[in-house]
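Visitor: I have a model to look through and some labels to challenge. Show me the structure, and then I will ask how each label was earned.

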Amino acid sequence: HADAAVVARLRAAGAVFVGKCNLHEFAFGTTNEDSAYGPAKHPLDPARSPGGSSGGSAVSVATGMAYASIGTDTGGSIRIPSAACGLVGLKPSLGEVETRGVVPLSWTLDHVGPLCRSVSDAAILHDVLRGATPRPEATPRHSAIALGIPRGYLLDRLDAGVAAAFDATCARLQEEGFADFHFYTL
């Protein structure tokens with residue numbers, strides 16, 4: 001019995017493990033309803049799904065039970081629960097984070113990545129997972145980042161308050177100097 005490669009890296013970096021999180025059986029699903037331990041519940045509304053398959057990981061971070069968590073992602077299992085629970089989730093590039101010790105679902109699509117409350121926390125955890133020295137602070141290179149902003153169908157269906165917050169965020173990004181800022185109508 002041995003730790004998965006990412007667990008060994010976290011231990012070496014001094015991570016404190018507080019438990020294992022609930023997930024879909026064999027990490028195969030997007031709602032987190034099919035688990036031997038029962039479904040994980042959304043932290044703000046137990047009638048809703050926290051997303052899956054790494055829903056338990058997202059719930060642990062969103063409720064403050066854990067500073068950060070890791071999840072596995074083949075078809076959205078980090079990204080879906082992160083979005084559903086208001087967190088930052090990252091599916092790293094193929095081969096960037098070692099998957100040795102993770103039960104495979106699809107050898108070419110499986111990834112291990114962070115679920116965190118902030119981008120800077122995700123950057124720190126991502127560095128540890130990939131075996132790099134954590135950056136003291138990630139500084140984005142605005143000129144190297146292109147942002148595509150959806151308009152039309154996606155934003156037409158937003159609550160007025162959410163739409164106002166979205167527009168304010170877009171304006172702030174433009175003020176911060178993002179060079180490639182494109183609006184798309186879907």
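Guide: Start with the sheet of this predicted model. The sheet is open and has three strands, in the order β1-β3-β2, with antiparallel pairing.

Visitor: What makes β1 and β2 edge strands?

Guide: Count partners. β1 (68-73) and β2 (88-89) each have a single partner strand, so one side of each lacks a neighbour in the sheet.

Visitor: How do you know that β1 and β3 count as a pair?

Guide: Pairing needs at least two bridges between the strands. β1 and β3 (residues 111-116) have six bridges, in the antiparallel sense. They therefore count as a pair. Within this pairing, G71 stands opposite G113 in β3.

Visitor: What holds strands of a sheet together in general?

Guide: Backbone hydrogen bonds, in either a parallel or an antiparallel arrangement.

Visitor: Now the charges. Why is the contact between R11 and D3 called a salt bridge?

Guide: The cut-off is 4 Å between a side-chain nitrogen of Lys or Arg and a carboxyl oxygen of Asp or Glu. The closest N and O atoms of R11 and D3 are 2.7 Å apart. That is within 4 Å, so the contact is a salt bridge.

Visitor: Why are R11 and D3 called partly exposed?

Guide: Partly exposed is the range between under 20%, which is buried, and over 50%, which is exposed. R11 has 47% relative accessibility, so R11 is partly exposed. D3 has a relative accessible area of 31%, so D3 is partly exposed too.

Visitor: What makes R11 a charge over the ring of F17?

Guide: The distance cut-off is 6 Å from the ring centre, and the charge must also lie within 35 degrees of the ring normal. The charged end of R11 is 4.7 Å from the centre of the F17 ring, and sits over that ring.

Visitor: How many salt bridges does the structure hold?

Guide: Seven. One of them joins D45 and R48, with the closest N and O atoms 3.2 Å apart. That is within 4 Å, so the label stands.

Visitor: Is R48 buried or exposed?

Guide: R48 is exposed, because its relative accessibility is 57% and the cut-off is over 50%. Its partner D45, at 27%, counts as partly exposed.

Visitor: Which residues form a salt-bridge network?

Guide: Begin with E98 and R100, whose closest N and O atoms are 2.7 Å apart, in a salt bridge. Salt bridges with shared partners join R9, E98 and R100 into one network. E98 is partly exposed, at 30% relative accessibility.

Visitor: How many disulfides are there?

Guide: Zero. A disulfide would need two cysteine sulfur atoms within 2.5 Å.

Visitor: Why are C85 and C170 called buried?

Guide: Buried means under 20%. C85 has a relative accessible area of 12%, so C85 is buried. C170 has 5%, so C170 is buried as well.

Visitor: What makes the backbone at N32 worth a look?

Guide: Phi of N32 is near 70°, a positive value in a residue other than glycine. N32 lies in the loop between α1 and α2. N32 counts as buried, because its relative accessibility is 0%.

Visitor: Which peptide bond is cis?

Guide: The bond that joins G52 and S53, where omega is about 10°. S53 is found in the loop between α1 (5-12) and α2 (55-62).

Notes: Residues are numbered from 1 along each chain as its sequence is written. This is a predicted model: local features need pLDDT of at least 70, side-chain atom pairs count only at pLDDT 80 or more; totals for chains, interfaces and linings use all residues. Side-chain values use heavy atoms; hydrogens and water are left out. Buried means under 20% relative accessible area, exposed over 50%, partly exposed in between (1.4 Å probe, protein chains only). Helices (H or I, at least four residues) and strands (E, at least two) are DSSP runs, numbered from the N terminus.
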